[in-house]
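Me: I am new to this structure and would like to go through it in short questions. Please reason briefly each time and finish on the value or name I ask for.

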Amino acid sequence: MAINNRGADIVVQALKRASVGRVFALSGNHIMSLFDALLGSGIEIIHTRHEAACVHMADAHARLTGTIGVALVTGGQGFTNAAAGLPTALAADSPVLLLSGDTATNEVGRGAFQELDQVAMSRPVTKASWRAETSDDLGNGILRAISAACSGRPGPVHVALPSDLLEQPTNAKITATAARTGLPMNPDELRRIAGLVAASARPIVLAGPLFARPEARKSLDLFERQTRVPVMLMESPRGLNDPSLGAFAEVVREADLVILLGKPLDFTLKFGAPPHISDRAKFIDIDPDEALIARATREHPGRVMAHLCTDPEMALGALGTLLSGDDRDGWFKHALRLRDHRPPNWSICAGTKERLHPIEMCRAVHDVLARDVDSIFIADGGEVGQWAQACISAPRRVINGVAGSIGASIPFAIAARVVERRAPIIAVMGDGTFGFHMAEFDTAVRHDLPFVAVVGNDALWNAEHQLQVRTYGADRAHSCGLLPTAYHAVATALGGYGECVTTADQLPSALARAIASGKPACLNVMTESHPAPTIQRDREGAGKP
């Protein structure tokens, strides 16, 4: 029998069968056979400067498209670099496939080059992780991995690929598919849930990060319009203190029924403890993960009135139809008013002669994104990221997410440009964050993927500085200072566009020039240092910058 394929060719065939059009990759010894197999395959390689950026790009691609995002890295330190991006994808319910080269099968345990137990390292931060052991695993196993990543609660899956299996000829055939495995929905239980919601006076829906995809956001909006039940998408590590939710924490305290829609009852909800959620409030839990439902039921005995282990988005659509026309207009308008609330004094915030207040910076970004129905807003974490999330809205957005890590925004923006070829893409981050992946400007230039990075430069690791001030006192704040570096010059040196901005009136025109340049651009905005906003109307001075 003629042998026409290497193991690497089987991998590429599997990716093509799953309709994968691109991989985010960084080359290395263990995977050069895969790079060879990808040549002429029709699958694009976005070739990065750091392996963690591969995973962050795959993550953002998955969040924006709702389809699998694929990262490809070499073994050893290439894998460990990439693994740093997995917790962010896991917490965001993002379907990512990480493929990593690995030690040859006949060298395991013998001190091979860059030998690591990759599976043991990645298992805690993935839905599943395994090492291919046969040529058959290279094709069918990858399709099973894609199915696992996209099914139930989406999340990252890792497959380690021994280098000898990739290089050897094989007669292996691909027989599996990458179909998403559905979960059943009990119509009787759904009707009972609808009855409980209809009977409540102050119900709310708290939706988890899997609803952050653009199409899933639309389903939340439709449900609100159909039912007049207020909905809140929770995808921030600040949870109930997320400033982009306005004063919605007050609504949560007032609710008599909390519908958890793919939303774990975790630290972001203060574990359901009063006063954050009333001890008289009841729960309904709709989640694809039985273990999370069981945890909520165990921790709050007698309060979980109903639960359904199914696809939350499918359940939401059915529930919206059952509840259509319910009358709770007063509660609904009250909840939306608090969700939209921002402190009145924000409108007059202004910086000093040579530095902008973060609100001034964010206001200019918001104005640009609001002009295009297809624009994408990227927000990193830290204090600048929280100001941005509170002040900027756009048709589509990708943020750092529940994991609370920083540094992903530049890779996120590059992946966003792969998805959206025309509309503005603006990423807002702090100066500390910019340092994580500034070299990816080179990636964006090489692949012609323009975006605008707006860097709030206060020459400080401000989140940590503010923590020191609050916890230990200003006289014990130390070791958080940075230099007011010319980050715009870094972007220019890497082939992009850059400007330094020191006043609010300069920023709108600088944004226009950055977008018009058609290059990856960095606007280095000199900003004042302010703690991240917390919006609490019942506190004197609430919302003051």
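Me: Which residues touch the most other members of the largest nonpolar core?

Reply: This is a predicted model. Its largest nonpolar core holds 55 residues. Those that touch the most other members are Leu206, Val428 and Leu511.

Me: Which helix gives the largest share of this core?

Reply: The largest share of the core amounts to 7 residues. They come from the helix spanning residues 358-369, which is α15.

Me: Which residues does valine 428 touch, not counting those up to four places away in sequence?

Reply: Val428 was named above among the core members with the most contacts to other members. Residues up to four places away in sequence are left out of the list. What remains is Met361, Val365, Phe377, Ile378, Ala379, Asp380, Val384, Ala388, Ile392 and Val454.

Me: How many residues are in the second, separate core?

Reply: Ala53, Val55, Ile410 and Ala413 are included in this second core, which is separate from the largest one. Its count of residues is 44.

Me: Is histidine 56 buried or exposed?

Reply: Histidine 56 lies in helix α3, residues 51-65. Its relative accessibility is 6%, and the cut-off for a buried residue is under 20%. Histidine 56 therefore counts as buried.

Me: Which residues is histidine 56 in contact with, leaving aside its neighbours within four places in sequence?

Reply: Sequence neighbours within four places are set aside here. The partners of histidine 56 are then Gly85, Thr88, Ala408, Pro411, Phe412 and His437.

Me: How are helices α1 and α7 oriented to each other, roughly parallel or roughly antiparallel?

Reply: Helix α1 covers residues 7-17 and helix α7 covers residues 135-150. Their axes come within 8 Å and cross at roughly 30°. Angles under 35 degrees count as roughly parallel, so α1 and α7 are roughly parallel.

Me: Is the crossing of α1 and α7 left-handed or right-handed?

Reply: On the α1 side the contact is made by Gly7, Ile10, Val11, Ala14, Leu15 and Arg17. On the α7 side it is made by Leu138, Gly139, Ile142 and Leu143. The crossing in which α1 passes α7 is right-handed.

Me: At what angle do α10 and α13 pack?

Reply: Helix α10 (residues 214-227) and helix α13 (residues 312-323) have axes 9 Å apart. The two helices are roughly parallel, and their crossing is left-handed. Residues that meet there include Phe223 in α10 and Leu316 in α13. The packing angle is about 20°.

Me: Are α15 and α16 roughly parallel or oblique to each other?

Reply: The axes of α15 and helix α16 (residues 382-391) come within 9 Å. They cross at roughly 45°, and α15 passes α16 in a right-handed crossing. Roughly parallel would need an angle under 35 degrees, so α15 is oblique to α16.

Me: Which residues is aspartate 266 in contact with, leaving aside its neighbours within four places in sequence?

Reply: Aspartate 266 lies in the loop between β11 (257-261) and β12 (282-287). With a relative accessible area of 12%, aspartate 266 is buried. Its contacts, leaving aside neighbours within four places in sequence, are Phe271 and Arg295.

Me: What is phi of phenylalanine 271 near?

Reply: Phenylalanine 271 lies in the loop between β11 and β12, and counts as partly exposed at 47% relative accessibility. Its phi is a positive value in a residue other than glycine. That value is near 60°.

Me: Is the peptide bond from proline 274 to proline 275 cis or trans?

Reply: Proline 275 is found in the loop between β11 and β12. For the bond from proline 274 to proline 275, omega is near 5°. The bond is cis.

Me: Where does arginine 228 lie?

Reply: Arginine 228 is partly exposed, with a relative accessible area of 26%. Its phi is positive, near 60°. The residue sits in the loop between α10 and β10 (231-233).

Me: Over which residues is the pLDDT below 50?

Reply: The mean pLDDT of the protein is 93, and 98% of its residues reach 70 or more. One stretch falls below 50, and beyond near neighbours in sequence it has 14 contacts in the model. That stretch is residues 540-545.

Technical notes. Residues numbered from 1 in each chain as written. Predicted model: local features only at pLDDT ≥ 70, side-chain atom pairs only at ≥ 80, totals over all residues. Heavy atoms only, no water. Core = buried A, V, L, I, M, F, W, Y, C linked by side-chain atoms within 4.5 Å. Buried < 20%, exposed > 50% of the residue type's maximum accessible area, 1.4 Å probe, protein only. Helix = DSSP H or I, 4+ residues; strand = E, 2+ residues; numbered from the N terminus. Contact = heavy atoms within 4.5 Å. pLDDT = per-residue confidence, 0-100. Axes fitted to C-alpha atoms, helices over the stretch in contact; angles between N-to-C directions. Parallel < 35°, antiparallel > 145°, perpendicular 65-115°, else oblique. Left-handed = near helix turned anticlockwise from the far one by under 90°.
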